[in-house]
Amino acid sequence: MKVVISVDMEGVCGVASWVQVSPPEFGGLVNGTEYQTARERMTLEAAAAAEGAIMGGATDVLINDSHDTMRNLIPELLPQQVRFTSGNDKPLSMVQGVQEDGVGALLFVGYHARAGSPRGPLAHTWNGFIRNVRVGGIDTGEYGLNALLAGHYDVPVVFACGDDVAMGEIRAELGEGVVTVAVKEGLSTYAAIHLHPAEAQKRIREGAEQAVRAAKKAQPYTTRWPAPCQLSFDHQARADACARVPDITRVDAVTVGWSSENAYHLFQTFRMLATVAGVRLNG
């Protein structure tokens, strides 16, 4: 069985600040040393999930770099038998690879809580200005959008690791059948209690093995299609811009809505609106 591992960085053990997860090339509030350390831990957690997946019966593992520029993984620290993707111009973004024939499971590594989640370390959805995403009446985050997109290709999410707030949100939305591993306990947006990295990787390895062994019984995540969708922002100017897009309606001052016939349409519409909403706010 093929498996895909989608690996983000904000949910990785030891991470609690934007300084740690921001590639230095962009300048601003960044630190090359802290980012490099977070890169290494991100890669080692992805490696642990891959090792567990292989022990659980996976015959082909694709690790998809899903953070920011999507050029964070350190290949030399990955198991030799895996494949990996890098670069952020990918048709399916954070779950690139689920469309391949034979993929039977998707694993989330380093995942974080959705925007607005109390106590969720670095909680956000996609970028810094999306306030909320609602699909079929359910508020969701990156995990939900990615799970729905994977479900479009009949691929279930079987495993997730990250902060405890995110793990609770994932179980609540995707179901208790998803094996979850909390590598840190959120105290606030910028603080957490962490496991030792070696212990976190051990638990990830064990959880991924358990999840992949049971993957054949897992069901893809979906909703009732067509589904009403809403996207809320931190400023009305962003909704102004999105409301000019054909088939997009204004819901309120900071929210726009539309209907999607399937998860692929939902995801690509969401990505487009997230780009359109990136307007200057200073006139």
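This report describes helix 3, its packing against helix 4 and helix 7, and one residue of helix 7.

## Basis

The model is predicted, so local features need pLDDT of at least 70 and side-chain atom pairs count only at pLDDT 80 or more, while totals for chains, interfaces and linings use all residues. Residues are numbered from 1 along each chain as its sequence is written, and side-chain values use heavy atoms, with hydrogens and water left out.

## Burial of helix 3

Helix 3 covers residues 142–152; helices are DSSP runs of H or I with at least four residues, strands are runs of E with at least two, and both are numbered from the N terminus. Of its 11 residues, 10 are buried, so helix 3 is largely enclosed by the rest of the structure. Buried means under 20% relative accessible area, exposed over 50%, and partly exposed in between (1.4 Å probe, protein chains only). The buried residues include Leu145, Leu148 and Leu149.

Their cover includes strand 4 (103–111), strand 5 (130–135), strand 6 (138–140), strand 7 (157–163), helix 4 and helix 7. Just after helix 3, aspartate 154 has a positive phi of about 60°.

## Helix 3 and helix 4

The axes of helix 3 and helix 4 (residues 164–174) come within 10 Å and cross at roughly 40°. Axes are lines fitted to C-alpha atoms, for helices over the stretch in contact, and angles run from 0 to 180 degrees between N-to-C directions. The two helices are therefore oblique to each other (under 35 degrees is roughly parallel, over 145 roughly antiparallel, 65 to 115 roughly perpendicular, and the rest oblique).

Tyr143, Gly144 and Ala147 of helix 3 meet Glu169, Ile170, Glu173 and Leu174 of helix 4, where contact means heavy atoms within 4.5 Å. By class, this contact has 4 nonpolar, 1 polar and 2 charged residues (Ala, Val, Leu, Ile, Met, Phe, Trp, Tyr, Cys and Pro are nonpolar; Asp, Glu, Lys and Arg charged; the others, Gly among them, polar).

## Helix 3 and helix 7

The axes of helix 3 and helix 7 come within 8 Å and cross at roughly 140°. That makes helix 3 oblique to helix 7. Leu145, Asn146, Leu148, Leu149 and His152 of helix 3 contact Ala263, Tyr264, Leu266, Phe267 and Phe270 of helix 7. By class, the contact has 8 nonpolar, 2 polar and no charged residues.

## Threonine 269

Threonine 269 lies in helix 7 (residues 263–276) and is buried, with a relative accessible area of 10%. Its side chain reaches the backbone oxygen of histidine 265 at 2.7 Å. Not counting residues up to four places away in sequence, threonine 269 touches Ile248 and Trp258.

Key. A polar contact is a pair of N or O atoms within 3.5 Å; within protein, one must be able to donate a hydrogen and the other to accept it, and residues adjacent in sequence count only if both atoms are side-chain atoms.
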